[in-house]
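Got your viewer open? Grab the mouse and follow along, one selection at a time.

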Amino acid sequence: MLATARSIRAAQPAPSICVTEADIDKLSRRNFLDHIPLSNVTNVVPFTLIALCCSYVAQGTLLAALLALNAAAVFGMYLISRRLRKATSLAQSTFWWRVYEVTSFASGVLWAATMLPVVATLGQDIASMFVCVIIIVSVAVTSMVVASQWRTVLSFLAGVMLCLIPQTVAYLAVIGPIPLVATIGLGPALVGLAHAIRKQERLMIRTQLENQQLAESLSEALAVAEFLASRDSLTGLYNRRAFEELALGISADEPGTPLSLILLDLDHFKSINDRHGHGIGDSVLKETARQIESIVGPFDVVGRGDGAVARWGGEEFILLLRDATLEQAAHLAENLRQGLAALRDPHWPEDLVVTGSLGVARWHEGMPLHLAIGLADTAMYEAKKAGRNRVSLSGEGPDVETAVMA
């Protein structure tokens, strides 16, 4: 992939913060499914307390049967929540949510029905009153627990009120009008409280998601800033400072690894600018960068497509090759020279031919980077003196210099 393409993408502005209702629904349901199993387990407390009262109320057998049915419904909701956690498609998820809501409705009916065995004796014994209080508290707590899932809480409360109000009306002569008024007011009160809890929970989720997006945007902005600080704005290659840091890091991290340098200078680049304009000159620099990147892949030094390649300054480019002998580097440099000479672009004048002079040098262990670059620079100028459009190799001294002719 070309560095210029990466540079453009990296420099694009981070997306604006936008949290949709669907995003909130998704996280709300995930949080609900993560915590509802524990909430189901806590139902053991009211079930146990009511079970203890079965021996002290007149219709204890009926109370125990209704309690067992309610426990079965709650356990069924637990199993359904597990299926929801494993749902892999929207269709599966939607189906099991509907099943969960129906089961929630059934649980609401059963909670209210549990009141039936004790409603006739509410004012006569403490056990009946105790069961009534436990049921009301359990209904209220359950409404708060499932408040984040609006359809679920409405289904549950609909089941409660559908069963509880007829009971209160049927036993009006026994218990009086106050329980009826309280029962009628209970539903709207719990709906309003559940709505307030749901609204607060969704506001918290929205804030959480916005903070996450903000953190991601800041991280992307920092990455863009770091990227741009290390890149040449025209070609997308490393700039001089970044190349030096990378090269020194490689040398320190991998002592003994063969390292080679290639320094490329475009021939007669000033005349290209003078004759064809700086627009064509910039295009030549960009195409040169692309050509370098297409060649340097086998000697990628950092696991990225651009390797240690930099625009050294003006029309000069530098390459650092890891695990490359001088001969391997010379072969790559020759491929690069030939690739440059073959460069064409439909926007260029027909007579425009790009060539480059390349110097190749070993960077020996313990040698300062600027000395190794100096060797490559000397070899590059030898290529220019020899007629340009060629590769010149440098050893440790001028006696081992050779030239690879076109």
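Let's begin with a single residue: is Leu27 buried or exposed? Select Leu27 and see how much of it you can reach from outside. Leu27 counts as buried, because its relative accessibility is 6% and the cut-off for buried is under 20%. One thing to keep in mind as you look around: this is a predicted model.

**Stop 1: around Leu27**

Colour helix 2, since that is where Leu27 is found. Now show what Leu27 touches: leaving out residues up to four places away in sequence, you should pick up Ile205, Gln208 and Leu209. Next, draw a distance from Leu27 to Ala120. These two are 93 residues apart in sequence, and their C-alpha atoms sit 45 Å apart in space.

**Stop 2: Glu21, in helix 2 too**

Stay on helix 2, which covers residues 21-41, and select Glu21. How exposed is Glu21? Its relative accessibility is 43%, so Glu21 counts as partly exposed. Which residues does Glu21 touch, not counting residues up to four places away in sequence? The answer is Arg202 and Arg206. Arg206 is 185 residues away from Glu21 along the chain, yet the C-alpha atoms of the two are separated by 8.7 Å.

**Stop 3: zoom out**

Time for the whole chain. Switch to a cartoon view and you can go looking for 15 helices and six strands. The radius of gyration is 39 Å, well over the 22 Å that the globule rule gives for 406 residues, so the chain is more spread out than a compact globule. Turn the model around and compare directions: the C-alpha trace spans about 115 × 45 × 30 Å along its principal axes.

While you're zoomed out, try a surface view. The chain exposes about 20300 Å², and carbon and sulfur atoms supply 62% of that area. Of the 406 residues, 46% are buried. Then colour by charge: there are 32 positive and 38 negative charges, and their mean positions are 10 Å apart.

What about contacts between residues at least 6 apart in sequence? Of these, 72% join residues at least 24 apart.

**Stop 4: the aromatic rings**

Show the side chains of Phe, Tyr and Trp. How many aromatic pairs are there? The count comes to seven. Go to the pair formed by Phe47 and Trp111. Their ring centres are 5.4 Å apart and their planes are at 20 degrees, so this pair is stacked. Phe47 belongs to helix 3 (residues 44-53) and Trp111 to helix 5 (residues 90-113), so the pair ties together parts that are 64 residues apart in sequence.

Are these two buried or exposed? Phe47 counts as buried at 12% relative accessibility, and Trp111 is buried as well, with a relative accessible area of 1%.

Before moving on, select Phe32, Trp97 and Tyr100 together. These three form one aromatic cluster.

**Stop 5: Thr61**

Now pick Thr61 in helix 4, which runs over residues 60-86. With a relative accessible area of 68%, Thr61 is exposed, because the cut-off for exposed is over 50%. Draw a distance to Pro117: Thr61 and Pro117 are 56 residues apart in sequence and 8.9 Å apart in space, C-alpha to C-alpha.

**Stop 6: two positive phi angles**

Select His268, in the loop between strand 1 (259-266) and helix 12 (269-276). What is its phi angle? His268 has a positive phi of about 55 degrees, although it is not a glycine.

Then jump to Asn389, in the loop between helix 15 (369-385) and strand 5 (391-394). Asn389 isn't a glycine either, and its phi is positive, at about 50 degrees.

**Last stop: Ser394**

From Asn389, move along to strand 5 and select Ser394, which lies in that strand. Is Ser394 buried or exposed? Ser394 is buried, with a relative accessible area of 3%. To finish, draw one more C-alpha to C-alpha distance, from Ser394 to Glu382. You'll get 9.4 Å in space, for two residues that are twelve apart in sequence.

How values were computed:
Residues are numbered from 1 along each chain as its sequence is written. This is a predicted model: local features need pLDDT of at least 70, side-chain atom pairs count only at pLDDT 80 or more; totals for chains, interfaces and linings use all residues. Side-chain values use heavy atoms; hydrogens and water are left out. Helices (H or I, at least four residues) and strands (E, at least two) are DSSP runs, numbered from the N terminus. The radius of gyration is taken over C-alpha atoms; the globule rule is 2.2 Å times the number of residues to the power 0.38. Buried means under 20% relative accessible area, exposed over 50%, partly exposed in between (1.4 Å probe, protein chains only). Contact means heavy atoms within 4.5 Å. Accessible areas come from the Shrake-Rupley method with a 1.4 Å probe; for residues, only the protein chains shown count as cover. Lys and Arg count as positive and Asp and Glu as negative; His and the chain ends are not counted. The place of a charge is taken as NZ of Lys, CZ of Arg, CG of Asp or CD of Glu. Rings of Phe, Tyr and Trp (its six-membered ring) pair if their centres lie within 6.5 Å; planes under 30 degrees apart count as stacked, over 60 as edge-to-face and the rest as tilted.
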